Amino acid sequence: MSYTALPVGVDDFKEMMEKEYYYVDKTGLIKDILDKKGKVNLFTRPRRFGKTLNMSMLQYYFELPVNGESNLSLFESLAIMKADDKYLKEQGAYPVISLTLKSAKQPDWEMAYAILVKTIADEYKRHSYVLEGDALLEEDKETFRSIRGKKATAADYATALSFLSECLYRYHQKKVIILIDEYDVPLENAYYSSFYHEMSLFIRSLFESALKSNPYLEFAVITGCLRISRESIFTGLNNLEIISILNVDYEEYFGFTKQEVKEMLNFYDLEQKMDIMKEWYDGYRFGNVDVYNPWSIIKYVKLLCADENALPVAEWSNTSSNSIVRDLICRADEIVKDEIEILVSGLTIEKKVHEDITYDTIYDTEDNLWNFLFFTGYLKQIGKRMVGDDVYLKLALPNREVRSIYRNQIENWFRDEIKQQNLDTMYQAMLGGNIVSFQKELEEQLQKSISYMDNKEAFYHGFLLGLFANLKGYRIKSNREAGDGRYDICIYSLNVKKPVILLELKLAKTYQQLQDACEEALQQIEEKNYRREWTKDGYREILSFGVGFYKKQVDVKLKMQKDEMTED
């Protein structure tokens with residue numbers, strides 16, 4: 001059987017079908033849009049959940065064949081072809097305006113505006129045929145050419161979609177479908193680059209003129225990551241249907257369902273990988289449907305096709321929105337830190353939900369941040385209840401992939417925090433064998449940190465390595481063979497006259513067992529003879545620390561050896 005390529009990074013539907021990539025059929029979206037007859041439909045879904053490919057599919061299905069070449073063949077054998085004839089009559093029946101704004105990520109307003117102008121001008125170029133004949137007045141043709149040539153006024157570009165829809169209607173005598181993909185990318189970028197006001201005013205004018213009381217509009221579909229409040233962008237759009245991840249409408253068309261993942265794995269003879277897929281990439285819930293991350297599934301299946309033993313990777317960790325997780329961590333007070341720890345340990349928190357958020361209000365309250373994380377895919381809903389007029393959601397992390405994002409951001413935050421601190425008191429206490437001061441400093445740092453307890457010893461191990469990273473003049477080894485086993489951490493200088501620090505870590509099941517955990521750690525250093533390699537190399541002073549942990553409590557015991565040592 002010939003290999004069917006996986007569409008990594010392919011979001012053009014025509015390319016997908018003509019080059020015969022593996023395609024998960026989402027053409028049922030066409031039928032539902034026609035059935036539900038929403039005038040302006042806003043779909044909000046996390047990044048990389050198939051929005052752009054679906055918008056491309058809609059364009060190829062509905063758009064009139066301008067050059068006389070039908071796109072109907074692209075849909076052969078797909079679900080929409082099995083639908084009633086009334087849906088097939090809609091194929092190739094409308095002029096379509098299609099814009100994607102996902103590349104609008106410029107550092108200042110001038111550059112961002114120039115890119116938006118270019119994006120609009122390119123869509124005008126695609127429809128240059130309307131200049132042929134006498135469907136348009138000469139003055140309208142001149143305005144069209146000016147917009148296409150990127151020479152029009154700001155006012156012309158702010159109303160460019162409305163004007164283009166009128167031009168298309170006059171040429172075809174058919175109302176227009178407008179598709180706008182990733183509408184909020186320029187807004188998100190503008191907020192973080194400090195020109196949100198200018199961008200929001202422009203986007204509002206662009207949308208209002210095209211979508212509000214436009215007599216030439218058949219319907220519109222807009223996609224984005226976040227629902228921006230009506231007052232901010234969609235002013236006065238009473239015809240707006242918002243389909244967020246809470247809605248049951250269209251729930252199965254963005255992301256992969258369990259059955260779709262099973263079918264893909266069966267196709268590539270990877271059925272045995274289903275449990276791993278579920279653990280790493282499942283966990284999203286749109287409406288009443290459980291959804292897998294399509295980007296990560298495709299990437300991992302491609303890896304497995306090359307190497308069936310390939311390990312799962314947090315592919316989604318490279319998306320730009322991950323910075324919001326870091327922002328939450330950096331701004332966290334003690335309550336929020338506790339909530340993050342609860343989530344990363346696999347438990348749940350409860351938050352009031354509200355969907356109307358603007359980028360310039362994300363940081364106004366912690367509730368806004370939590371809601372942003374929920375609607376962008378960094379939290380999942382596993383329950384809800386009403387409290388008065390408010391809806392509260394029970395929230396958890398969706399899967400191991402997202403948990404790894406939180407963990408990585410926690411570790412990055414911790415490293416940055418440590419770099420800004422003077423830890424000389426702790427270092428001197430440790431090197432001088434002052435266990436009272438050393439224990440106090442450790443406990444203070446631990447209580448300021450954000451922990452994740454799914455692998456407890458690994459967390460404490462990483463925590464200590466992070467603390468010791470700025471210790472000058474010493475080297476650090478971790479989990480190395482020594483004597484008859486592997487020690488946890490060893491800190492040493494190339495100068496054999498300076499002390500070697502051995503740290504063995506143990507976890508206590510209760511606070512009362514902390515001292516016993518320290519004694520057990522010291523006993524292991526003795527029994528496994530970890531000191532052997534250092535005495536052989538001429539080191540004369542070894543400080544063996546048994547460090548016990550119980551949640552955010554620490555106990556330390558020390559055994560000092562400072563004498564004329566011989567080889568064991």
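Select F43 first: this residue stands opposite I243 in strand 5, where a strand is a DSSP run of E with at least two residues, numbered from the N terminus. What you have open is a predicted model, in which local features need pLDDT of at least 70 and side-chain atom pairs count only at pLDDT 80 or more, while totals for chains, interfaces and linings use all residues. Residues are numbered from 1 along each chain as its sequence is written, and side-chain values use heavy atoms, with hydrogens and water left out.

Now extend the selection to residues 40-44, which are strand 1, and to strand 5; the two pair in the parallel sense over four bridges, pairing being assigned if DSSP finds at least two bridges between two strands. Colour the rest of this sheet next, and you will have five strands in the order 2-3-4-1-5, forming an open sheet with parallel pairing. Strand 2 (96-100) and strand 5 (240-243) each have a single partner strand and stand at the edges, so one side of each has no neighbour in the sheet. From one strand to the next, the twist averages 10 degrees.

Select residues 196-211 to bring up helix 10, which lies across strand 1, strand 3 (176-181) and strand 4 (217-224), and which runs at about 150 degrees to strand 4. Helices are DSSP runs of H or I with at least four residues, and angles run from 0 to 180 degrees between N-to-C directions, with axes fitted to C-alpha atoms, for helices over the stretch in contact, that is, with heavy atoms within 4.5 Å.

Move on to residues 349-352, strand 8. In a regular strand the side chains alternate between the two faces of the sheet. Here I349 and K351 point to one face and are buried, whereas E350 and K352 point to the other and are not; buried means under 20% relative accessible area, with a 1.4 Å probe and protein chains only.

Add residues 390-396, strand 10, which pairs with strand 8 in the antiparallel sense over four bridges. Centre on K394 in strand 10: E350 stands opposite this residue, and so does G383. Strand 9 (residues 380-387) pairs with strand 10 over seven bridges, again in the antiparallel sense. In the hairpin of these two strands, which has two residues between them, G388 takes a positive phi near 65 degrees.

Finally, zoom out to the protein, which has 22 helices and 17 strands. Its C-alpha atoms fill a box of roughly 105 × 55 × 50 Å along the principal axes, and buried residues make up 53% of its 568 residues.

Definitions and conventions. Buried < 20%, exposed > 50% of the residue type's maximum accessible area, 1.4 Å probe, protein only.
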